[in-house]
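Student: I am new to this structure and would like a close look at a single part, the packing of helices. Please set that part in its surroundings as you go.

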Amino acid sequence: MVPTAYYLVLAAMLFSIGIAAFLIKRNVITIFISIELMLNAVNLTFVAFAHMWHQVSGQIFVFFVMVVAAAEAAVGLAIILSIFRTRQTLNVDEIDLMKS
Amino acid sequence: MQLALFIVFGALALGGALNLLLQRHPIYSALSLVVVMMSLAVLYWSLGAEFLAAAQVIVYSGAIMVLFVFVIMLLNAGKEEQTQGSRAAYSVGFPGAAAIFCLLSFVFLSERGSLQSTNIGGDLSSAVDNIAVLSAMLFTRQLLPFEVTSVLILVAILGAVVLARREQ
């Protein structure tokens, strides 16, 4: 028997680590990886609540999140590829064409 | 049993996430994300979501992470270097993330009286752990979103091909 709150706190920990990695990392691929970590943390809360309420809707939601994450990963990595091809860097501080 | 599973794999997920945060090389971050996803799959299974546990292993740690590792290898991404922006990000990132964590866990722990406890996978409830129920819901009431996601994936494939194509 584990209280549902423990699962939620674990998901909150993973989500905050994802936010910290998103803000701190300078490599665009690592930033993308931390977005995936945040999506996973939210999925854990969905599954925990689906278990708590005995409803299958939460699991369906997680299924859709997984599909959208797969599509997002494909498009995002293609964008990263074309950024690297034109600018020869992966550092987000140097990708600042719209800044000035 | 469930508590032991939760502690072992929750700690594994947490350690993987911290390792993701602390490593400076993208390939180590990607591999620690694989650890997080596999331990989350075990937690899904213990919460009665067998289909999602399998999908987590196949889709996330199989397909998506292979894509990430492939791109990291292809671009030959090296260690990230410290810049001006990273010092500013350190001073904002850690307090911000800690504040969000404190807020979320305060809410969850103060509401824990109204949240219930969980039992191990198989004997949850008659309905929740059942793939048949999941697929019946997906192909009847959620049919339109399901079909829309297939269009979304088609668009994503076309977009990825167009974006990653070498300029003529």
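Tutor: Read along its sequence, chain B follows the pattern α-α-α-α-β-α-α, which comes to six helices and one strand (DSSP runs numbered from the N terminus, with H or I over at least four residues for a helix and E over at least two for a strand). This is a predicted model, in which local features need pLDDT of at least 70 and side-chain atom pairs count only at pLDDT 80 or more, while totals for chains, interfaces and linings use all residues. Residues are numbered from 1 along each chain as its sequence is written, and chains are lettered from A and ligands numbered from 1 in the order in which they are written. Chain B averages a pLDDT of 85, with 89% of its residues scoring at least 70 (pLDDT is the predictor's confidence in each residue, from 0 to 100), and the model as a whole scores ipTM 0.90 and pTM 0.89.

Where the chains meet, 60 residues of chain A are in contact with 77 residues of chain B (in contact means that C-beta atoms, placed from the backbone, lie within 7 Å). On the chain A side, the elements that give two or more residues are β1 (2-3), α1 (4-24), α2 (28-53) and α3 (57-87), and α3(A) gives the most, with 21 residues. By class, this side of chain A has 46 nonpolar, 10 polar and four charged residues (Ala, Val, Leu, Ile, Met, Phe, Trp, Tyr, Cys and Pro count as nonpolar, Asp, Glu, Lys and Arg as charged, and the others, Gly among them, as polar).

Follow α3(A) across to its partner, helix α3 (residues 50-75) of chain B: the two pack at an angle of about 5°, with their axes 11 Å apart (axes are lines fitted to C-alpha atoms, for helices over the stretch in contact, and angles run from 0 to 180 degrees between N-to-C directions). α3(A) and α3(B) are therefore roughly parallel to each other (angles under 35 degrees count as roughly parallel, over 145 as roughly antiparallel, 65 to 115 as roughly perpendicular and the rest as oblique). Among the residues that meet here are A:Phe63, A:Met66, A:Leu77 and A:Phe84 from α3(A), with B:Leu52, B:Tyr60, B:Ile64 and B:Leu75 from α3(B). The residues of this contact divide into 20 nonpolar, one polar and no charged.

Within chain A, α3(A) also packs with α2(A), for their axes come within 9 Å and cross at roughly 175°, so these two helices are roughly antiparallel to each other. Residues including A:Phe32, A:Leu39 and A:Phe46 of α2(A) meet residues including A:Phe61, A:Val65 and A:Gly76 of α3(A), and by class this contact has 13 nonpolar, five polar and one charged residues.

Elsewhere in chain A, α1(A) is mostly covered, as 18 of its 21 residues are buried (buried means 20 or more other C-beta atoms within 10 Å of a residue's own, exposed 12 or fewer, and partly exposed in between, with C-beta atoms placed from the backbone). In chain B, by comparison of position, B:Gln142 lies in the loop between α5 (131-139) and α6 (143-164). With 18 C-beta neighbours inside 10 Å, B:Gln142 counts as partly exposed, and, leaving aside residues up to four places away in sequence, B:Gln142 touches A:Ile60 and B:Met137.

Note on methods: Two residues are in contact if their C-beta atoms, placed from the backbone, lie within 7 Å.
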